[in-house]
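Biologist: Hey, got a minute to walk me through this one? I'd like to start with the strands and then get to the helices.

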Amino acid sequence: MKNIKMLVNAGDKIGHINRELYGHFSEHLGRCIYNGIYVGEDSEIPNIHGIRKDMVEAFKNIKMPVLRWPGGCFADEYHWKDGIGDKSGRKKMINTNWGGVVEDNSFGTHEFMELCELVGCEPYISGNVGSGTVRELSEWVEYMTFDGMSPMADLRKANGKDKPWKLKYLGVGNENWGCGGNMSPDFYSNVYRQYASFCKNYGDNKLFKVACGANGADYEWTETLMKSLKHNGAWQANGIGIHYYSVPEWNNKGSATKFDENDYYTLLSTVNFTETLLTRHSEIMNRYDPEGEVALVLDEWGTWFDVEEGTNPGFLYQQNTMRDALVAAISLNIFNRHSKRLKMANIAQVCNVLQAVVLTEGEKMIKTPTYHVFDLFKEHQEGECVYCHSDNENMVEGKDTPMISSSASVKDGVLTLTVANCSLTDDAQISCDIFDFDAKEISARILSEEVHAHNTFEQPENVVIKALDAKLEGNKVCMKIPACSVVEVTLR
């Protein structure tokens with residue numbers, strides 16, 4: 001047992017936690033879309049125009065704020081006109097990025113926008129810069145958002161959508177330093193400005209344009225973009241999107257379920273590097289944009305392991321254990337603490353791919369430990385992040401592995417505190433002093449199991465949220481958190 005002192009100062013505000021920090025990512029990859037989110041209208045699985053009902057309800061429960069689509073690397077080979085109109089006439093293509101399977105385009109713009117409407121989340125469109133054209137992307141924006149007389153608006157109406165959708169988030173390209181065109185930062189910044197110039201705001205629809213940012217710790221990319229994206233005194237981008245996956249060794253990712261203690265703590269050290277990453281990129285942005293007009297967007301993050309045995313290596317299907325839950329908790333706590341500059345983050349991916357929140361097998365759907373962490377953290381959305389400190393020390397010498405990860409926020413007179421005990425062996429006796437907040441009631445929930453524990457289709461509730469006994473003694477929160485646990489505390 002470790003005695004841990006914590007402190008929360010509700011009067012010391014750090015940043016506003018945009019709900020989009022709890023965003024998600026869906027790509028035409030493996031079984032994320034087909035036989036995942038989308039089963040088709042003729043399926044015996046309960047659906048709404050082909051979209052699984054159980055998945056819609058699961059996403060609504062965690063208050064999914066934003067969903068990015070159609071990629072990923074797939075986005076820069078995606079031509080949106082192939083995915084509209086009568087499904088029998090839609091073009092078929094080979095998904096060269098992911099498994100070499102046939103993409104029949106039965107899930108396109110209309111289906112994605114309906115999914116977002118059903119869930120109640122913002123759509124985040126990732127536009128094709130790598131193999132597309134300026135005209136193609138500008139016409140897609142017009143098709144989705146213009147309420148007037150034009151060829152694209154008329155085409156949308158002919159396809160059954162009389163009134164335009166609202167589209168806020170538009171990514172101008174994806175990983176253009178790699179699969180999106182192998183561009184240099186100088187070249188991409190000029191291409192970005194060209195594309196962004198022709199993506200218009202129609203009526204009262206205002207686009208939040210996200211430029212392709214760096215691959216992990218490529219700080220030169222961020223520096224170049226910040227030098228280039230201001231023109232005639234105005235920023236040409238509303239955000240810069242970076243990608244970072246928690247992978248200790250790209251050539252030896254290891255199993256999602258079979259790992260030892262060293263593997264676990266090595267991965268956690270990689271996850272905690274997110275703190276350094278966000279700090280360094282923010283510092284660069286602060287030099288050029290001290291007013292904070294350009295947001296930092298982490299539009300792909302999560303774990304990446306070897307695929308499950310017997311599955312298509314191009315489908316990136318992996319199981320999800322309590323180790324992933326700890327990764328999610330550490331990450332979301334870091335995001336909250338960086339909410340002054342970081343305004344969106346999208347976990348990869350939402351279903352059946354990488355660190356998925358749900359997994360499906362035929363008519364069955366299970367919620368992963370990562371899903372339950374998003375449930376525990378959802379009340380942070382739109383709160384004010386406040387100062388939260390834990391007395392901490394590294395669990396493993398030479399690795400960035402603090403035992404306790406935490407963050408706190410205040411919203412509508414409610415203080416939400418999230419705490420992860422990342423130790424595999426030591427319970428934590430928490431004593432947390434609360435300042436500048438008059439709490440009268442306390443409640444707490446916990447996700448806690450052995451680190452390899454995961455949900456299966458035969459045993460879908462191996463890992464579930466339970467109640468936790470937490471006490472409020474004056475202005476102090478007292479609770480015992482077992483090893484390998486994630487906790488949400490609510491004070492009213």
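Biologist: Which residue in β21 is the bridge partner of K5?

Modeller: That's S431. Keep in mind that this is a predicted model. The pair belongs to β1 (residues 2-16) and β21 (residues 428-435), which run in the parallel sense over 8 bridges.

Biologist: And how does β1 pair with β18, parallel or antiparallel?

Modeller: Antiparallel, over 7 bridges, with β18 covering residues 384-390. One of the partners there is E384, which bridges to H16.

Biologist: OK, the barrel next. Which strands does the closed barrel run through?

Modeller: In order, β2-β5-β8-β9-β10-β13-β14-β15, so to speak a closed ring of 8 strands with parallel pairing. From one strand to the next, the twist averages 30°. Take β5 (residues 66-69) and β8 (residues 122-127): they share 4 bridges, and V66 in that pairing stands opposite E122.

Biologist: Which strands does α6 touch?

Modeller: Helix α6 (residues 219-228) packs on the sheet against β10 and β13, and its direction makes about 145° with that of β10.

Biologist: Switching to α1 and α2: at what angle do their axes cross?

Modeller: Roughly 55°, and the axes come within 9 Å. The two helices are therefore oblique to each other, and the crossing is right-handed.

Biologist: Which residues meet there?

Modeller: From α1 you have V56, F59 and K60, and from α2 L115, L118 and V119. By class, that contact has 5 nonpolar residues, 1 charged and no polar ones.

Conventions. Residues numbered from 1 in each chain as written. Predicted model: local features only at pLDDT ≥ 70, side-chain atom pairs only at ≥ 80, totals over all residues. Heavy atoms only, no water. Axes fitted to C-alpha atoms, helices over the stretch in contact; angles between N-to-C directions. Parallel < 35°, antiparallel > 145°, perpendicular 65-115°, else oblique. Left-handed = near helix turned anticlockwise from the far one by under 90°. Contact = heavy atoms within 4.5 Å. Nonpolar A, V, L, I, M, F, W, Y, C, P; charged D, E, K, R; others polar. Pairing = 2+ DSSP bridges.
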